[in-house]
Amino acid sequence: MKNQIPVTKPYLGEEEISLLRKIIKSGWVTQGPYVEKFEQKICEYTGAKYAVALNSCTAGLHIALKILGIGPGDEVIVPSFSFIATANSVIHSEAIPVFADIDENTYNIDPKDIEKKITKKTKAIIPVHQIGLPCQMDEIKKIAKKYKLEIVEDAACALGSEYKGKKIGNISEITVFSFHPRKLITTGEGGVITTNNHRIAEKARMYRFHGQSISAF
């Protein structure tokens with residue numbers, strides 16, 4: 001056990017401890033001004049118009065699929081190589097995950113195999129930017145447009161990644177990030193949806209509060 005090397009180890013120092021102390025003293029231990037500021041920073045960094053903070057990336061994927069109307073009997077194409085939360089979010093929506101093969105050079109979902117797996121029941125694609133390496137989004141978007149499919153980017157590990165000069169989080173209509181301790185930055189647990197669509201952002205906020213439209217403030 002002494003010789004174990006962790007996959008990642010979050011660096012949390014005095015600055016983080018000091019901020020946590022301020023947050024606890026403020027009384028806002030859920031939602032509140034610091035969460036709002038965090039969402040604003042995510043928007044500034046990714047270039048997305050809206051960001052909605054959540055308790056996990058899995059919750060974000062689930063909410064995204066619900067907003068898009070994905071439900072019983074629908075099929076959603078996911079990569080065969082990913083953390084199980086990607087497929088679980090489809091199952092939580094009572095839909096069916098359909099596994100597409102990956103490109104052996106990138107370990108990301110193979111656009112050619114996506115097209116092979118499309119049926120009349122297919123409603124969406126969830127590309128995963130594996131270990132932060134962006135998928136071939138141009139090819140995936142062409143396929144989605146051709147078959148009228150939705151795209152939800154699972155960008156759990158991809159905060160800071162860029163695709164052809166554009167930040168991940170500002171490419172598709174919905175992108176979801178993770179802030180688990182194994183990610184580039186952590187909030188302990190947590191996730192965020194980014195979008196440029198006001199309706200999607202408002203719906204995500206309502207789902208976050210179990211349908212309430214009244215703000216935490």
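Me: In this predicted model, which residue of β8 stands opposite Glu153?

Reply: Thr175 in β8 stands opposite Glu153. The strands here are β5 and β8, and their pairing runs in the parallel sense.

Me: What makes β5 and β8 a pair?

Reply: Count the bridges! Two strands pair if there are at least two bridges between them. β5 and β8 have three bridges, so the pair passes the cut-off.

Me: How do you know that β8 and β9 pair, and in which sense?

Reply: Try the same test. β8 and β9 share four bridges, so the requirement of at least two is met. The sense is antiparallel this time. One of the partnerships is that of Val176 with Ile193 in β9.

Me: Why is β8 called mostly covered?

Reply: A residue is called buried when its relative accessible area is under 20%. In β8, five of five residues meet that description. Both faces of the strand are covered: Ile174, Val176 and Ser178 are buried on one side, and Thr175 and Phe177 are buried on the other.

Me: Why does Val35 count as partly exposed?

Reply: Val35, which belongs to helix α2 (residues 33–46), has a relative accessible area of 21%. Buried needs a value under 20% and exposed one over 50%, so Val35 falls in between and is partly exposed.

Me: What makes β1 and β3 edge strands?

Reply: Start with the order of the open sheet, β1-β9-β8-β5-β4-β2-β3, which has seven strands and mixed pairing. β1 (50–54) and β3 (96–100) each have a single partner strand, so each is left with one side lacking a neighbour in the sheet. On average, neighbouring strands of this sheet are turned by 25 degrees against each other, direction ignored.

Me: Which helices pack on the sheet, and what do they touch?

Reply: Helix α3 (residues 57–67) is one of them, touching β1, β2 (75–79), β5, β8 (174–178) and β9 (191–195). The direction of α3 makes about 165 degrees with that of β8. Helix α7 (residues 198–208) also packs on the sheet, and touches β1, β8 and β9. The direction of α7 makes about 15 degrees with that of β1.

Me: Which residues of helix α4 are buried, and what covers them?

Reply: In α4 (residues 85–92), the buried residues are Ala85, Thr86, Ala87, Ser89 and Val90. Their cover includes α3, β2, β3 and β5. Just after α4 comes Glu94, with a positive phi near 65 degrees.

Me: How many helices and strands does the protein have, and what makes it as compact as a globular protein of that length?

Reply: The protein has seven helices and nine strands. The globule rule gives 17 Å for 217 residues, and the radius of gyration is 18 Å, which is close to that, so the protein is as compact as a globular protein of that length. Its C-alpha trace spans about 55 × 50 × 35 Å along the principal axes.

Me: What percentage of the 217 residues count as buried?

Reply: The buried share is 45%. As for the accessible surface, it comes to about 12500 Å², and 55% of that belongs to carbon and sulfur atoms.

Conventions
Residues numbered from 1 in each chain as written. Predicted model: local features only at pLDDT ≥ 70, side-chain atom pairs only at ≥ 80, totals over all residues. Heavy atoms only, no water. Helix = DSSP H or I, 4+ residues; strand = E, 2+ residues; numbered from the N terminus. Axes fitted to C-alpha atoms, helices over the stretch in contact; angles between N-to-C directions. Contact = heavy atoms within 4.5 Å. Buried < 20%, exposed > 50% of the residue type's maximum accessible area, 1.4 Å probe, protein only. Rg over C-alpha atoms; globule rule 2.2 N^0.38 Å. Areas by Shrake-Rupley, 256 points an atom, 1.4 Å probe, with all protein chains shown as cover.
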